Amino acid sequence: MNQNVFIELINPFKDKVFRLAKRLLTSTEEAEDATQEVMVKLWNKKEVLDSYNNIEAVAMTMTKNYCLDQLKSKRAGNLKIVHNNYTDREPQLDKKLEDSNSLEWVEKIINQLPEQLQILIQLRDVEQYEFDEIAKIVNMNETAIRVALSRARKKIRESMVNTHSYGIQ
Amino acid sequence: MEFNKIENLLEKYFQGETSIAEEKELKDYFSSPNVAQHLEQYKPMFGYFSQVKEQKSTQDIPLPKSRDNKRNVAWLSIAASVVVLLGIGTYFYMSEKNAAPAVAQSELGTYDDPEEALAATQKALALLSSNVNVGIGSVQYIKEYEQSKNKIFKQ
């Protein structure tokens, strides 16, 4: 497989990988690093790539695992760093959110969900994957995915309703 | 009627039971300008999903295209060092091969006849032993010292 063929192959889902990484890692730079990492890993596997029947699902799974690993090591690293630096940031973030628009609110709400739910929301509501595809990516059965997704959506709704009634907007 | 349909879809949506097509319908509805007042609160949610999907990675992915080349370079350098080592090795090997017999011939006398060799060996050994005896002779004096010492110090 040469490079051009590979680029053609990854182009349809390159941005999906990026968006999933951005959902989990938040920062654009880290998401781009993650995308690159995943693509290079795929490229290094190019000899066996043909044997996968769904390369996109493989790529998404790799992205998910890579990002979760990143988060884990980041958290482990954060524990070592002095904590006041972490709490300092909180008021600033709140302040910033006060004058941001409602779409950013949704983003904030989603970011507060557990990672597993964030992944599901990203895959289903943003990328519009079918349930059987999601099942392959996250290695869960479809019923469990539906239940979790319903929980995630309700949580978002709940937070949105709170926002609405407290009149923060 | 439209409201009802959307409300039903929303209900299904929050139960996680909508299909992709139905979800698309919801998205389309909430991105349209005429959203019912009481459903307004869901607008940001679906708006957000559509907005996020527009995000694109701007960077090019630098594939390690040199990976194969790198491997070639590695092999090339290994091959080159083997050649150099072989070159040095054969050079020394050859020069030693040439030099060795010459040294042996000129510096060490050899005898072809065994009797002659025996005689020469005996002569050499006799020379050695006579010199050793000279050494022993001079050590004999020490015995004198010991005798006189024994006379003085009673044990």
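## Helix H1 and the chain A–chain B contact in a predicted model

Buried residues account for 28% of the 169 residues in chain A, and in chain B, 10% of its 155 residues count as buried. These values, like the others below, come from a predicted model. Chain A is built from eight helices and zero strands, so that its elements, read along the sequence, give the pattern α-α-α-α-α-α-α-α. In chain B there are five helices and, again, zero strands, with the order α-α-α-α-α from the N terminus on. Of the contacts in chain A between residues at least 6 apart in sequence, 64% join residues that are at least 24 apart.

Helix H1 of chain A, which covers residues 3-25, departs from a straight course. Whereas a straight helix of 23 residues would span 33 Å at 1.5 Å a residue, H1(A) spans only 28 Å between its end C-alpha atoms. A kink of about 55° is found in this helix at Asn11(A), shortly before the proline Pro12(A). The buried residues of H1(A) include Ile10(A) and Lys14(A), and they also include the run from Lys16(A) and Val17(A) through Phe18(A), Arg19(A), Leu20(A), Ala21(A), Lys22(A), Arg23(A) and Leu24(A) to Leu25(A). Charged side chains such as Lys16(A) and Arg19(A) thus stand in the same buried list as Val17(A) and Leu20(A).

The largest nonpolar core has 45 residues, and those with the most contacts inside it are Val17(A), Ala21(A), Ala34(A), Val38(A) and Leu120(A). H1(A) supplies the largest share of this core, namely seven residues. In soluble globular proteins, nonpolar side chains tend to be buried together. Ala34(A), once its neighbours within four places in sequence are left aside, is in contact with Ala21(A) and Leu25(A), and further with Thr63(A), Tyr66(A), Cys67(A) and Gln70(A).

H1(A) is followed by Thr26(A), which lies in the loop between H1 and H2 of chain A. Most residues other than glycine have a negative phi, but the phi of Thr26(A) is positive. A second residue other than glycine with a positive phi is Gln128(A), placed in the loop between H6 and H7 of chain A. The two are set side by side here.

| Residue | Phi | C-beta neighbours within 10 Å | Class |
|---|---|---|---|
| Thr26(A) | near 70° | 12 | exposed |
| Gln128(A) | near 55° | 15 | partly exposed |

Thr26(A) counts as exposed because it has 12 C-beta neighbours inside 10 Å, and 12 or fewer is the cut-off for that class. Gln128(A), with 15 other C-beta atoms within 10 Å, is therefore partly exposed.

Where the two chains meet, 32 residues of chain A are in contact with 24 residues of chain B. On the side of chain A that touches chain B, the elements giving two or more residues are H1, helix H2 (28-44), helix H5 (102-111), helix H6 (115-126) and helix H8 (142-166) of chain A. H8(A) gives the most to this side, with eleven residues. Sorted by class, the side of chain A that touches chain B has 13 nonpolar, seven polar and twelve charged residues. H1(A) therefore appears both in the largest nonpolar core, as its largest contributor, and among the elements on the side of chain A that touches chain B.

Key:
Residues are numbered from 1 along each chain as its sequence is written. Chains are lettered from A and ligands numbered from 1 in the order in which they are written. This is a predicted model: local features need pLDDT of at least 70, side-chain atom pairs count only at pLDDT 80 or more; totals for chains, interfaces and linings use all residues. Helices (H or I, at least four residues) and strands (E, at least two) are DSSP runs, numbered from the N terminus. The expected span of a helix is 1.5 Å times one less than its number of residues. The bend at a residue is the angle between axes fitted to the seven residues ending there and the seven starting there. A residue is buried if 20 or more other C-beta atoms lie within 10 Å of its own, exposed if 12 or fewer, and partly exposed in between; C-beta atoms are placed from the backbone. A nonpolar core is a set of buried Ala, Val, Leu, Ile, Met, Phe, Trp, Tyr and Cys residues joined through C-beta atoms within 7 Å. Two residues are in contact if their C-beta atoms, placed from the backbone, lie within 7 Å.
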